[in-house]
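This report considers the pairing of charged side chains and the packing of two helices. The sequence and the structure are shown first.

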Amino acid sequence: MILVKKFNVDEIERLKKKPIKQKILDGDWYQYGDEIELQRIIKKSSKEIQSVNEIARTNFDLALSRLKKISPNIHASAEIYFPISGIEYPKNLFIGENTFINVNLQILSAGKVTIGNNCFIGPNCSLYTPNHHPYDKILRRAGWQYDGPISIGDDCWFGGNVTILPSVNLGSNVVVGAGSVVTKSFGNDVMIAGNPARVLKCL
């Protein structure tokens, strides 16, 4: 069952009074097309990620150092391989100690994304925080969306091509099979896989 956040005329009037950063933190609806500040952040981060990918062609260590300046909440001991597909809001990404992320990481959009310590993230993994209205095409056309933060615990292992959807929280020691689409939260010490992902085994 898809849960849809409240959205009506009264809600639109309430949202007009809130700054965009607070809307994002509170998981409120907003229209990206009307938010010049957000557009600037994404365009800037796109250029910065392209730049570090180019640097990585000849100097991996320098590229990683530059990435950690762009995204200051990545722990010094974490390692990310290039190229990176995209990190739209680098300051909203938190990566813990000794975590390794393979090539083509993709993180959208403004919601906070937390990846714990000692995680292994395979290639081509994508983490998506934005939601659009699943039933109302008019609201989708108008660009309304809201973000659900993603949290991944310690010692998690993702195979390649894993997709994590908005508002998913994974506990520690979670193994996610290659190609899985994780649509809901899971606790500690489980192996999950599939589309949608389900528990295969307790660890």
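With which residue does Asp26 form a salt bridge, and how far apart are the closest N and O atoms? The partner is Lys18, and the closest N and O atoms lie 2.6 Å apart. The model examined here is predicted.

**Salt bridges**

Side chains of opposite charge can pair when their charged atoms come close. Across the whole structure, a search finds 6 salt bridges. The table lists three of them, including the pair of Asp26 and Lys18.

| Salt bridge | Closest N and O atoms |
|---|---|
| Asp26 with Lys18 | 2.6 Å |
| Lys21 with Glu37 | 3.6 Å |
| Glu54 with Arg57 | 3.4 Å |

The partners in these pairs can also be described by their accessibility. Asp26 is partly exposed, because its relative accessibility is 40%. Lys18, in contrast, has a relative accessible area of 18% and is therefore classed as buried, the limit being under 20%.

Lys21 forms a salt bridge with Glu37. This pair connects distant parts of the chain: Lys21 belongs to helix H2 (residues 20-26) and Glu37 to helix H3 (residues 36-56), with the two positions 16 residues apart in numbering. Lys21 has a relative accessibility of 56% and so counts as exposed, whereas Glu37 is partly exposed at 35%.

The third pair in the table consists of Glu54 and Arg57. Glu54 is partly exposed, with a relative accessible area of 48%, and Arg57 counts as exposed at 65% relative accessibility. Elsewhere, salt bridges with shared partners join Arg14, Lys18, Asp26 and Asp28 into one network.

**Packing of H3 and H4**

Two packed helices are described by the angle between their axes and the distance between the axes. For H3 and helix H4 (residues 60-70), the packing angle is about 160° and the axes are 7 Å apart. H3 is therefore roughly antiparallel to H4, since angles over 145 degrees fall in that class. The crossing of the two helices, H3 and H4, is left-handed.

Which residues make this contact between H3 and H4? On H3 they are Glu48, Ile49, Val52, Ile55 and Ala56, and on H4 they are Phe60, Leu62, Ala63, Arg66, Leu67 and Ile70. By character, the residues of the contact of H3 with H4 comprise 9 nonpolar and 2 charged residues, with no polar ones.

Definitions and conventions
Residues numbered from 1 in each chain as written. Predicted model: local features only at pLDDT ≥ 70, side-chain atom pairs only at ≥ 80, totals over all residues. Heavy atoms only, no water. Salt bridge = Lys/Arg side-chain N within 4 Å of Asp/Glu carboxyl O. Buried < 20%, exposed > 50% of the residue type's maximum accessible area, 1.4 Å probe, protein only. Helix = DSSP H or I, 4+ residues; strand = E, 2+ residues; numbered from the N terminus. Axes fitted to C-alpha atoms, helices over the stretch in contact; angles between N-to-C directions. Parallel < 35°, antiparallel > 145°, perpendicular 65-115°, else oblique. Left-handed = near helix turned anticlockwise from the far one by under 90°. Contact = heavy atoms within 4.5 Å. Nonpolar A, V, L, I, M, F, W, Y, C, P; charged D, E, K, R; others polar.
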